[in-house]
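Me: I should like to learn how to read the features of a structural model in order. Please give the general idea each time, and then the case at hand.

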Amino acid sequence: MRTLASIFRIIAIVAIAWGGVELLFETEPGQLAVIQYPKTLLFIGVILLVSIAVEVSVAALRFTLLRSLSPEKQELFLASEQKFSKKLSNYFERLPNLLTRSKAIEEEDEIELDHNYDGIRELDNKLPPWWLYSFYASIIFAAFYLARFHIFDDYTQVEEFQSEVAQAEIDIARYKETAKDLVTIETVTLMEEPSDLEAGKQIYLNNCVACHKADGGGGIGPNLTDEHWILGGGVKNVYRTLIEGGRPGKGMVSWKNDFKPSELQQVASYVLTLQGTTPAEPKDPQGEIWQEEIIE
Ligand code: HEC
C-alpha cells in the first residue's frame, strides 16, 4: 500500500513536470515539446530521479524513526498512521454521496411522492450539489454578462469578430514574413518593393541575359518586353515558366532548383517591369497577346 502510494506520487510529479515543459516550450502544431527539444527529457529525468530519491529517503527515515521508539510508542505511532489513512479512505468512500446526495435504495420510500402513473412512481431526490452550485454559478455569470453587454454595452459580436480578424491578419503577415518561401504558382503575387525588384534584376542579369538580352529584347529566348507571350503573361504564368521551364527542347529550363521560390518571385516581378520598354534590338513578337483576366 505504502509503495503503491509512492509510485503514484512519483508518476504525478513526473506528469506535472512534463505538462510544465509542454506549456513552456512553443512547438510546431501537433508536435510534442519533449520530441522537438529532446534536452527537456533530461530535465524530466532529473525530476524523476529526485522524486524517487525523496520517496526512498522518507521511507528510510520512517523506518529508523520507528526502530528508535520503545515498543509502546511504536504502537502509538502505527495507530496514529492508521487513523489518518482510515480517515482518508472514509472520505473517499463518502465522496460519491457528497456529490449526489442521493438516498440509499433502502431509504427510498422516505422520499417517494404519492404520484403513481401506471406503476411509475416518483422520488423527491435532493438535487446533486455539483449540479445545484453550477446552476447558481451560471445565474451569477448571467447577471454579470447582462450588466456588461446589455446595460453597459461593452463590445458587440461584430466588434469581437472584427478585432479577431484584425489580429489574424497581423499574425498572417508576421507568418509570411518568416516564411517567404511559401509562394506557389497559385499564390504568387507581383512584388512592388524596389528592393525586391532590384534583387530580381541582379538574378536576371546574372542568369538570363545570354538568351533574353539585358534589356529583355530577346535572342535565343523570346522578347520579354512586348505584350506577346508564348507561355502566358502575368505574374502567375511567368512564375510558372520559371518553376517548370518552357516547352521541352526550346532551351528554357526550370530554375526551381537554382533559386528559392521568393527569389523566383522577385525575378518574375522584375521581368514584368520590362513590359512596354523599348529594347535596342527587339526580337519579333512570338505567341499570343496576353490580357490579364479582369476579375470583378
Ligand atoms: C538558354 C537560354 C535561356 C536562358 C538562360 C533563359 N531563358 Fe527564358 N526562355 C528561353 C527560351 C528558348 C524560351 C521560350 C520557351 C518556349 O518557347 O517554350 C524562354 C521563355 C521564357 C519566358 C516565357 C516567355 C513567353 O513568351 O512566354 C520567360 C518569362 C523567361 N524565359 C524568363 C527567363 C528568366 C527570368 C531567365 C533567367 C532566370 C531565363 N528566362 C533564362 C531561353 C532561355
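Reply: Let us begin with burial: a residue is buried if 20 or more other C-beta atoms lie within 10 Å of its own, exposed if 12 or fewer, and partly exposed in between, the C-beta atoms being placed from the backbone. The structure shown is a predicted model, in which local features need pLDDT of at least 70, side-chain atom pairs count only at pLDDT 80 or more, and totals for chains, interfaces and linings use all residues. Residues are numbered from 1 along each chain as its sequence is written.

Me: Is Ile-11 buried or exposed?

Reply: Ile-11 has 12 C-beta neighbours inside 10 Å and therefore counts as exposed. Its place is in helix H1 (residues 2-24); helices (H or I, at least four residues) and strands (E, at least two) are DSSP runs, numbered from the N terminus. Between the C-alpha atoms of Ile-11 and Asp-181 there are 44 Å in space and 170 residues in sequence.

Me: Where does Lys-39 lie, and what separates the C-alpha atoms of Lys-39 and Gly-276?

Reply: Lys-39 belongs to helix H3 (residues 39-68) and is exposed, because 7 other C-beta atoms are within 10 Å. A separation of 58 Å is found between the C-alpha atoms of Lys-39 and Gly-276, which are 237 residues apart along the chain.

Me: Into which domains is the protein divided?

Reply: Domain bounds come from an automatic or database domain assignment. Here they give domain 1 (2-100), domain 2 (105-153), domain 3 (155-180) and domain 4 (194-289). Between the C-alpha centres of domain 1 and domain 2 the distance is 38 Å.

Me: How does one read the span of a helix, and why do H5 and H6 lie largely in the open?

Reply: The expected span is 1.5 Å times one less than the number of residues in the helix. Helix H5 (residues 129-151), with 23 residues, reaches 32 Å from its first C-alpha to its last, close to the 33 Å expected. Helix H6 (residues 157-178), with 22 residues, reaches 32 Å, close to the 32 Å expected. As for exposure, the number buried is 0 of the 23 residues of H5, so H5 lies largely in the open. The number buried is also 0 of the 22 residues of H6, so H6 too lies largely in the open.

Me: Which residue with a positive phi follows H5, and how should such a value be read?

Reply: Most residues other than glycine have a negative phi. Asp-153 follows H5 and has a positive phi near 45°. Arg-101, not a glycine, has a positive phi of about 55°; Arg-101 is in the loop between helix H4 (71-100) and strand E1 (112-117). It is partly exposed, because 14 other C-beta atoms are within 10 Å. Asp-118, likewise not a glycine, has a positive phi of about 45° and is in the loop between E1 and strand E2 (120-123). Asp-118 counts as exposed, since it has 4 C-beta neighbours inside 10 Å.

Me: Which residues touch the most other members of the largest nonpolar core?

Reply: A nonpolar core is a set of buried Ala, Val, Leu, Ile, Met, Phe, Trp, Tyr and Cys residues joined through C-beta atoms within 7 Å. The largest has 13 residues, of which Tyr-239, Leu-242, Val-267, Ala-268 and Val-271 touch the most other members. Helix H9 (234-244) and helix H10 (261-273) are the elements giving two or more residues to this core, and H10 provides the largest share, 5 residues.

Me: What does Val-271 touch?

Reply: Two residues are in contact if their C-beta atoms, placed from the backbone, lie within 7 Å. Leaving out residues up to four places away in sequence, Val-271 touches Tyr-204, Leu-224 and Val-238. Val-271 lies in helix H10 and is buried, because 23 other C-beta atoms are within 10 Å. On the same basis of counting, Leu-242 touches Trp-255, Leu-264, Val-267 and Ala-268.

Me: Is Val-188 buried or exposed?

Reply: Val-188 counts as buried, because it has 23 C-beta neighbours inside 10 Å, and it lies in the loop between H6 and H7. Beyond four places in sequence, Val-188 is in contact with Val-183, Val-235, Lys-236, Tyr-239 and Gln-265.

Me: Which residues come nearest to the ligand?

Reply: A residue is near a molecule if its C-beta atom, placed from the backbone, lies within 6 Å of it. Of the 25 residues around the ligand, Cys-208, Cys-211, Gly-221, Gly-246 and Met-252 come nearest. Helix H7 (194-207), helix H8 (209-212), H9 and H10 each supply at least two residues of this shell.
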